[in-house]
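The following exercises concern a single protein chain and are to be solved with the structure in view. Each task is followed by a worked solution.

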Amino acid sequence: MSDGPPAAMVAPGPPVIDPADRGSHSVDRVGIRRGSAIAGRAVVQVLPAWIVARVVVGAALVIARTGATTLRPHNPVAAQHAHQGLLTWDGGWYEAIAAHGYAAAGQQSVRFFPLFPLLGRVIGAVPGVGVGTALIVISNLSALLAMAGLWLLVRHDLGDQLLAGRSVWLLALAPSAYSLVLAYSDATLLLCSVVTFLGARTGRWWWAAAAGLAAGADRPVGVLLVVPVAVEVWSGRHRVAGWHGWVARGSALIAPVVSAGGFLVWVGHQFGDAWLPLTVQQQTGHRGQFTVPVDAMWHDMVDAVHGHHLGSALHTPWVLVCVALAVVAWVRLPRSYAWFATAVLVVSLSSTNLDSFERYALAGFPLVVAASLHTASRRVELVVLVASGLAMAAYATLAFLGVVVP
């Protein structure tokens with residue numbers, strides 16, 4: 001015998017909530033509202049730094065476009081880069097992949113991992129947007145959210161809101177931070193990295209897993225997030241609540257490798273060589289062959305002494321600064337910060353070509369936090385930010401003129 005009329009004949013009414021669950025639902029709603037308020041406050045805190053950085057890069061682009069024929073006369077490459085604007089250099093590759101796919105863009109395109117162009121393709125499908133505009137929006141929105149996440153992370157871990165603010169300003173105006181304005185995947189990786197740290201440091205392992213999964217699909221260096229997550233898992237700072245707690249930790253640990261490995265498997269199926277993204281990157285003109293860390297820096301210094309490749313030697317001071325900041329991270333920051341910064345530096349220095357080293361090093365955001373520890377004096381902070389902002393403007397101008405590789 002039926003227990004009642006069919007569901008379709010029952011008049012709809014308000015959902016019935018078990019009295020025992022009312023408290024948890026209320027807590028969930030309060031938690032969501034509180035989390036949204038905290039995130040909104042963080043965005044407001046970092047918005048001035050985000051805006052200033054974009055004004056600086058915008059000014060650099062105007063200088064490059066109006067002065068390309070004067071600064072680099074009879075050089076069509078300079079005019080081309082200036083015309084491409086925020087889609088210059090690798091931005092053009094991402095736009096081609098987003099618009100036409102890897103097959104049409106050619107084998108060289110597989111060195112760019114899929115998350116960023118895929119997002120550009122999805123958002124670019126909105127009428128009137130286009131993939132180029134979508135990529136620029138994604139990059140700049142990711143940078144804003146990454147800065148907000150960094151503000152929250154530093155405030156939570158180090159208990160210093162002023163340090164959090166200084167870290168955000170220095171990240172925004174770092175010499176290589178103009179790449180966070182370009183249509184590059186770096187800002188998306190930075191966002192994923194910061195969220196991974198937030199998740200691991202607060203025991204929200206599924207956040208860390210989701211962000212790590214995205215990071216591994218965004219750039220090859222995203223797999224390095226395995227290092228800080230492993231440090232946090234090993235530390236046992238957060239209590240494990242049953243088997244599902246261990247599943248969450250394990251998921252956070254392997255997520256970057258799973259997504260990066262998935263892309264390599266797809267490349268193998270499509271192009272017949274799963275390692276093609278790495279082998280293409282090792283070709284002359286890109287990253288070059290793997291080598292002992294700092295070996296390339298030594299050769300650049302020797303070449304500079306003999307009057308050859310003077311431009312390459314310009315990376316050496318930044319390498320020394322980053323190494324010094326890594327030491328500061330080991331002394332004054334949590335171990336997961338230090339391990340991650342060191343891993344990023346080692347990988348960045350393990351190639352024969354140091355072009356883009358400054359951009360790669362920016363992925364190791366704990367280096368920025370370490371630098372901010374030494375700008376507690378308002379005067380020192382002002383001097384550092386002005387000098388860094390001017391350097392960023394100069395580098396951005398040179399990149400828009402085709403002189404410097406972002």
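**Exercise 1.** Leaving aside its neighbours within four places in sequence, with which residues is Trp318 in contact?

*Solution.* The model is predicted: local features need pLDDT of at least 70, side-chain atom pairs count only at pLDDT 80 or more, and totals for chains, interfaces and linings use all residues. Residues are numbered from 1 along each chain as its sequence is written, and side-chain values use heavy atoms, with hydrogens and water left out.

Step 1. Locate Trp318 in helix 14 (residues 315-332); helices are DSSP runs of H or I with at least four residues, numbered from the N terminus.

Step 2. Apply the contact criterion, heavy atoms within 4.5 Å: the partners are Pro175, Phe357, Glu358 and Tyr395.

Step 3. Examine Tyr395: its side chain and that of Trp318 share a polar contact of 2.9 Å. Such a contact is a pair of N or O atoms within 3.5 Å; within protein, one must be able to donate a hydrogen and the other to accept it, and residues adjacent in sequence count only if both atoms are side-chain atoms.

**Exercise 2.** Determine whether the span of helix 6 agrees with its number of residues.

*Solution.* Step 1. The expected span is 1.5 Å times one less than the number of residues; for the 28 residues of helix 6 (residues 131-158) this should be 40 Å.

Step 2. The end C-alpha atoms of helix 6 are 39 Å apart, which agrees.

Step 3. Helix 6 is largely enclosed by the rest of the structure, because 20 of its 28 residues are buried (under 20% relative accessible area, 1.4 Å probe, protein chains only).

Step 4. After helix 6 comes Gly159, with a positive phi near 60 degrees.

How values were computed. Helix = DSSP H or I, 4+ residues; strand = E, 2+ residues; numbered from the N terminus. Buried < 20%, exposed > 50% of the residue type's maximum accessible area, 1.4 Å probe, protein only.
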